Each structure stands twice: as structure tokens, then as C-alpha cells.
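Colleague: I'd like to go through this model with you before I set anything up. Can you put it on screen?

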Amino acid sequence: TYLCARLRTVTAVLRRRDVRASPTITFVASSDAATDSSPPGLGGFMHGYFWHFQVAAAHLRWLHITVLEFLAACFNLIIFDRIMPPHGRLLLQADATSATTALAHESQHSDALAMAYRLAMDIPAFKQA
């Protein structure tokens with residue numbers, strides 16, 4: 001009897017009309033940068049959508065991998081925010097801690113990363129997202 005009562009309770013909770021729909025849908029976007037590939041570049045992916053930018057070898061001399069990882073996360077935010085539904089939320093994933101920390105906490109320690117952040121903040125689509 002106890003088990004039947006518990007199952008009825010669980011069933012009642014799981015009925016569609018009893019469960020409130022969440023107005024927010026989370027979309028997961030991942031980004032990465034590679035300097036040891038041929039050609040080097042940045043890329044991002046979100047649920048079937050993707051982008052890729054090649055980085056000229058001459059620019060690698062000036063752009064450290066941490067800056068490229070940060071830029072890839074920034075591009076994900078700018079590019080994929082445009083296709084988000086009104087109640088969508090964009091979750092960014094990056095394999096570089098500096099990229100996610102810099103975006104979330106505005107805590108850039110290198111001059112190049114701080115400059116990249118300031119330049120990104122000057123882009124209206126980045127600030128809006």
C-alpha cells in the first residue's frame with residue numbers, strides 16, 4: 001500500500017499539467033583555439049551550428065593561445081547570441097580557464113588579454129549579449 005501511494009504521488013507530480021514549463025532554455029556553445037594545427041585557427045559549435053576562423057601564422061607571434069581561446073569564447077557569444085530564442089540562455093564552454101574567468105569576472109591579468117577584453121566590450125553585439 002505504501003509503495004502504491006508513493007507511485008501515485010510520483011505520477012501526479014510528473015503529469016504534464018502539474019509540472020510548470022520553464023521559460024528558459026539553455027543552449028550550450030563550445031569554443032576552442034589551436035595554434036599547433038595546420039592551419040591554426042579558432043572555432044565554435046552550438047547544436048549543429050558552427051564557425052571557424054583561420055589565424056595567419058604571422059599573427060601567432062603576437063597572439064598567445066590564451067588570448068585566442070578568449071577570442072573564440074567572445075566570438076561564440078557574438079555569433080550564437082543572434083540565433084538564440086527570446087527566452088534562451090547561452091552557456092559558454094571553453095577549455096581555457098583564462099577565457100571563462102576573464103568573461104565571467106573581468107579578471108584579465110595579461111596586457112594582451114586585457115586589451116582583447118576592452119576591444120570586445122567596444123562591440124555593441126558583445127555588450128548586448
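Modeller: Sure. pLDDT is the predictor's confidence in each residue, from 0 to 100, and a contact means heavy atoms within 4.5 Å. This is a predicted model, where local features need pLDDT of at least 70 and side-chain atom pairs count only at pLDDT 80 or more, while totals for chains, interfaces and linings use all residues. Residues are numbered from 1 along each chain as its sequence is written, and side-chain values use heavy atoms, with hydrogens and water left out.

Colleague: Over which residues does pLDDT stay under 50?

Modeller: The mean pLDDT of the protein chain is 78, with 72% of its residues at 70 or more. The stretch under 50 has four contacts beyond four places in sequence in the model. That stretch is residues 1–14.

Colleague: Which peptide bond is cis?

Modeller: Most peptide bonds are trans. The cis one here has omega at about 0 degrees, and its proline 39 sits in the loop between strand S1 (25–34) and strand S2 (41–46). Helices (H or I, at least four residues) and strands (E, at least two) are DSSP runs, numbered from the N terminus. The bond is the one joining serine 38 and proline 39.

Colleague: How many bridges join S2 to S3?

Modeller: Two strands pair if DSSP finds at least two bridges between them. S2 and S3 form a hairpin with two residues between them, and glycine 43 stands opposite histidine 52 in S3. The strands run antiparallel, and the number of bridges is six.

Colleague: What does the side chain of histidine 47 reach?

Modeller: Histidine 47 lies in the loop between S2 and strand S3 (49–54), and has a positive phi of about 45 degrees although it is not a glycine. Its C-alpha is 7.6 Å from that of phenylalanine 27, 20 residues apart along the chain. At 3.1 Å, the histidine 47 side chain reaches the backbone nitrogen of valine 28.

Colleague: Which element gives the most residues to the largest nonpolar core?

Modeller: A nonpolar core is a set of buried (under 20% relative accessible area, 1.4 Å probe, protein chains only) Ala, Val, Leu, Ile, Met, Phe, Trp, Tyr and Cys residues joined through side-chain atoms within 4.5 Å. Of the 22 residues in the largest one, Leu42, Met46, Phe70, Phe80, Leu90 and Phe126 touch the most other members. S1, S2, helix H3 (65–81) and helix H5 (111–121) each give two or more residues. With eight residues, the top contributor is H3.

Key
Buried < 20%, exposed > 50% of the residue type's maximum accessible area, 1.4 Å probe, protein only. Polar contact = N/O pair within 3.5 Å; in protein donor to acceptor, adjacent residues only side chain to side chain.
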